[in-house]
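The exercises below are meant to be worked with the sequence and the model side by side. Each opens with a task and is followed by a solution in steps.

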Amino acid sequence: MFEIFVCMFKEEWRMHSTLFGNLNFALFPILIFGMAFMGAFLIPFTARLMDVSMLVVTTHSMYCIMGFMVGSFGIMGKEMMNRRFGQGSLLIHSARSLPVSERRLFFNFVLKDTLYYFMLWIMPFCLGFTVAAPFAGINIYYPLLLFVTATLAFLLGMSTVFLLSSVYSRSRTALYGILVLIGVAFAALYIVSGDIVRVMRLFMLPSEIFLNFSYPLLLTAAAVILILFIPAVFLFSPETHAGEKRRSAALYPLYDCLSRLPYIRGRVAASPSAASEKGFVYAAAQKELTIISKDFIDLHRSGIGIGQTVFSFVLPVCLIWFVLSVLSDVLMPEQIYMVIAGVTGIIASTMYTWLTEFESFSAYLFLPVKVSSIIRAKIITFSVLHVLPVVFLIVTAVIGGVLSSAIFGIVMALSVSYYALSIMVRYAGLKPSLMLYSAAFFLRYSLLLMPVVIFLLGLSFIATEFSLAALILIIPSYFLLKGSFVKWDAEDLPNF
Amino acid sequence: MPESIIFIISQVNEKIGADYMESVIEAQGLTKDYGELRAVSGVSFSVPKGVVFGLLGQNGSGKTTIIKMLTGQVKITEGDCSILGVSPKTDPVRVRSLIGIIPEQETPPSFLTSIEYLQFAGKIRGIGDIGEKADWWFDFLDFADKKDVLCKDLSRGTRQKLMFAQAFLDNPEVAVVDEPLINLDPVMQRKVKDFLKSYTKEGRTVFISTHILENAQEICDKIAVLHKGTLLYTGKVAELNEQGKKLDDLFLELVSRA
């Protein structure tokens with residue numbers, strides 16, 4: 001029993017260190033510690049600007065989302081491993097080859113995830129907060145309590161996704177029913193109470209424990225996690241039993257449709273004047289259009305499009321919107337809107353990871369295509385996906401009563417997003433998920449991006465129109481991308 | 001040219017063998033390091049036009065690395081090579097556009113159907129009229145019923161057929177094939193072996209890597225034996241057959257001596 005646990009623990013470490021490099025990955029908890037340590041000093045100032053309970057709910061929601069993500073990877077791990085590493089699998093899928101029951105494997109898997117991510121994400125964050133507390137004038141009771149409540153929030157997210165996926169494996173309709181029920185309950189409570197923070201505290205029980213600790217509440221939270229988790233253990237099967245899925249051919253129609261856009265003509269027109277060069281560019285543009293068509297099919301058929309839109313875009317930007325909306329006492333609506341636009345730009349830039357995260361680049365290794373062509377294709381798909389942030393910013397502008405600022409917000413968001421994208425492409429190429437755990441990459445990314453965003457937000461606070469200065473980011477983005485194409489073409493193709 | 005002279009030339013060619021024929025693949029001192037590990041060390045060989053050339057070796061001997069260097073999938077640490085006169089060092093994309101490749105692992109994109117994948121590979125290769133060619137391959141390899149199935153739901157054998165079809169879709173001058181028969185059933189193996197043998201009769205060349213020696217002896221005209229990244233032997237299968245030698249005996253002898 002313990003051996004399985006140890007092997008799974010090693011497996012998780014090796015998977016991450018293979019993807020991100022041993023040292024970079026090992027430094028990641030230290031980076032989290034540093035950020036929490038420094039962040040703790042900001043809490044007294046933040047408390048003057050916003051309700052502390054909002055901050056607490058947000059922090060716990062983040063840990064809940066992390067639990068959700070970790071659980072999802074556990075369930076979809078086999079598919080992801082196969083797509084990224086070829087014929088790979090995780091130990092959780094070894095019930096067919098080892099004399100161990102699926103339940104036992106699953107139980108070990110949950111234990112492993114809890115301990116592993118406690119050490120990776122929760123402990124460094126809470127330790128940073130604990131060490132800083134005496135210097136920041138925070139009662140040591142709170143960081144110590146956070147160890148418990150952040151862990152509970154993480155487990156809440158993980159057990160929820162396990163249960164939802166167990167339901168999904170038996171009935172999609174039942175899953176949609178549950179999700180609609182949760183949504184209706186959330187909306188009803190919000191309408192009745194009129195206080196979003198109170199509703200979120202109710203749903204995010206660990207944050208309520210943090211704010212009003214009591215043993216009955218603690219026991220209730222533990223019971224909720226168990227209630228979600230126990231049926232999942234009995235219902236859950238990590239093996240997929242899906243049959244053959246058939247689809248009518250969509251690649252050619254999509255390609256024909258996309259080829260009506262001026263992309264190929266534009267690429268050729270922008271190329272050097274020699275006829276032979278134009279021929280190469282024409283061929284490359286056709287290949288890129290083919291990859292773009294494939295990417296759209298991938299997004300549609302894999303469910304990544306909808307899943308990522310909801311969990312990686314809509315949920316985070318809505319959370320940020322709620323958090324920022326409580327700053328209305330200290331900031332003008334236009335200023336809040338510009339902050340939302342800046343943050344939306346950063347979140348929108350991560351859409352590049354949707355297109356690369358689960359892609360198996362082995363499929364391109366033996367085809368006559370350059371890495372730069374693959375990256376170009378991803379950037380075009382990325383650009384099309386930017387309909388999402390644009391729509392979101394128009395909606396928030398309408399609801400926030402700042403429609404006249406919408407264009408400035410959109411310029412800010414798009415400029416920030418493309419600038420962040422160019423940094424990701426320059427330093428991570430087709431592997432932007434490096435950002436998740438590579439301390440060196442994350443630092444470089446933050447140092448290149450954050451000061452620029454803060455400066456632009458400062459300008460837009462003076463006058464909303466000044467946000468047009470963000471257009472200057474087109475220049476560094478262009479040169480970063482141009483350099484990236486040369487750089488990644490000169491290196492070995494990514495082997496997964 | 002008088003017919004008698006053509007006859008004499010053809011006889012001379014037959015006598016002196018393929019070594020003096022036009023080479024389509026050349027490798028000179030190919031070396032590949034992965035960090036501290038030297039995967040391939042100073043390998044040189046030449047593959048004449050119109051033969052099935054087999055690169056034989058145990059697991060981890062460097063066969064796949066050589067294929068990756070030849071086709072520009074990884075950078076060459078030292079040495080050089082060329083396929084149809086083009087060096088993957090200077091123009092890897094051109095090399096891959098001239099040849100068909102079946103990689104070690106069958107990895108078609110998960111969410112394309114079989115037919116879409118052939119269309120995808122065809123578009124990237126700039127091949128016209130894919131529909132008819134794809135249909136021929138679906139029929140030949142007996143998987144027309146899987147045309148509309150998503151690649152992720154295909155069995156390994158069917159994926160291997162799909163990879164085979166994409167590599168030979170446009171009858172390339174040279175095909176580089178890594179373990180071509182590994183996931184196929186005996187009936188399909190026979191069909192593929194016959195295809196490979198007939199393919200070279202039309203003047204095309206097949207470079208295969210395998211560790212299944214019976215297959216190599218059956219289909220290859222020329223072989224090279226690789227062991228721990230170094231080349232131990234190159235020779236013709238016909239000579240072995242003439243001497244009544246079995247390829248697996250020769251292989252084991254070479255490897256045990258190394």
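**Exercise 1. State how confident the predictor is in chain B, and find where its confidence falls under 50.**

Step 1. Chain B has an average pLDDT of 89, with 91% of its residues scoring at least 70, where pLDDT is the predictor's confidence in each residue on a scale from 0 to 100. This is a predicted model, in which local features need a pLDDT of at least 70 and side-chain atom pairs count only at pLDDT 80 or more, while totals for chains, interfaces and linings use all residues. Residues are numbered from 1 along each chain as its sequence is written, and chains are lettered from A and ligands numbered from 1 in the order in which they are written.

Step 2. Over residues 9–20 of chain B the pLDDT stays under 50, and the model has seven contacts beyond four places in sequence for this stretch; two residues are in contact if their C-beta atoms, placed from the backbone, lie within 7 Å. Where pLDDT is low, the predicted coordinates should not be read in detail.

**Exercise 2. Do the same for chain A, and give the scores of the whole model.**

Step 1. The mean pLDDT of chain A is 84, and 90% of its residues reach 70 or more.

Step 2. Within chain A, confidence is lowest in helix α20 (residues 434–437), at a mean of 65, and highest in α19(A), at 96. Helices (H or I, at least four residues) and strands (E, at least two) are DSSP runs, numbered from the N terminus.

Step 3. For the model, ipTM is 0.87 and pTM is 0.80.

**Exercise 3. Describe the make-up of each chain, and decide whether chain B is as compact as a globular protein of its length.**

Step 1. Chain A contains 22 helices and zero strands, whereas chain B has 10 helices and nine strands.

Step 2. The radius of gyration of chain B, taken over C-alpha atoms, is 19 Å, close to the 18 Å that the globule rule gives for 258 residues, so chain B is as compact as a globular protein of that length; the rule is 2.2 Å times the number of residues to the power 0.38. Along the principal axes, the C-alpha atoms of chain B fill a box of roughly 60 × 50 × 40 Å.

Step 3. Buried residues make up 47% of the 258 residues in chain B and 40% of the 496 residues in chain A. A residue is buried if 20 or more other C-beta atoms, placed from the backbone, lie within 10 Å of its own, exposed if 12 or fewer do, and partly exposed in between.

Step 4. Among contacts with a separation of 6 or more, residues 24 or more positions apart account for 70% in chain B and for 77% in chain A.

**Exercise 4. Characterise the side of chain A that touches chain B.**

Step 1. Here 34 residues of chain A are in contact with 30 residues of chain B.

Step 2. Helices α10 (251–259), α12 (275–302) and α16 (362–365) of chain A each supply at least two residues of this side, and its largest share, nine residues, comes from α12(A).

Step 3. Sorted by class, the side of chain A that touches chain B has 15 nonpolar, eight polar and 11 charged residues. Ala, Val, Leu, Ile, Met, Phe, Trp, Tyr, Cys and Pro count as nonpolar, Asp, Glu, Lys and Arg as charged, and the others, Gly among them, as polar.

**Exercise 5. Locate the largest nonpolar core and one of its best-connected members.**

Step 1. The largest nonpolar core has 185 residues, of which F154(A), L56(B), V176(B) and F207(B) touch the most other members. Such a core is a set of buried Ala, Val, Leu, Ile, Met, Phe, Trp, Tyr and Cys residues joined through C-beta atoms within 7 Å.

Step 2. Helix α19 (residues 406–428) of chain A gives the most to this core, with 15 residues.

Step 3. Not counting residues up to four places away in sequence, V176(B) touches I67(B), L70(B), T71(B), I99(B), I101(B) and F207(B).

**Exercise 6. Compare the settings of two residues with positive phi in chain B.**

Step 1. D129(B), with phi near 55°, lies in the loop between α4 (114–125) and α5 (130–140) of chain B. D129(B) counts as exposed because it has 9 C-beta neighbours inside 10 Å.

Step 2. E179(B), with phi near 45°, sits in the loop between β6 (174–178) and α7 (186–201) of chain B. E179(B) has 19 C-beta neighbours inside 10 Å and therefore counts as partly exposed.
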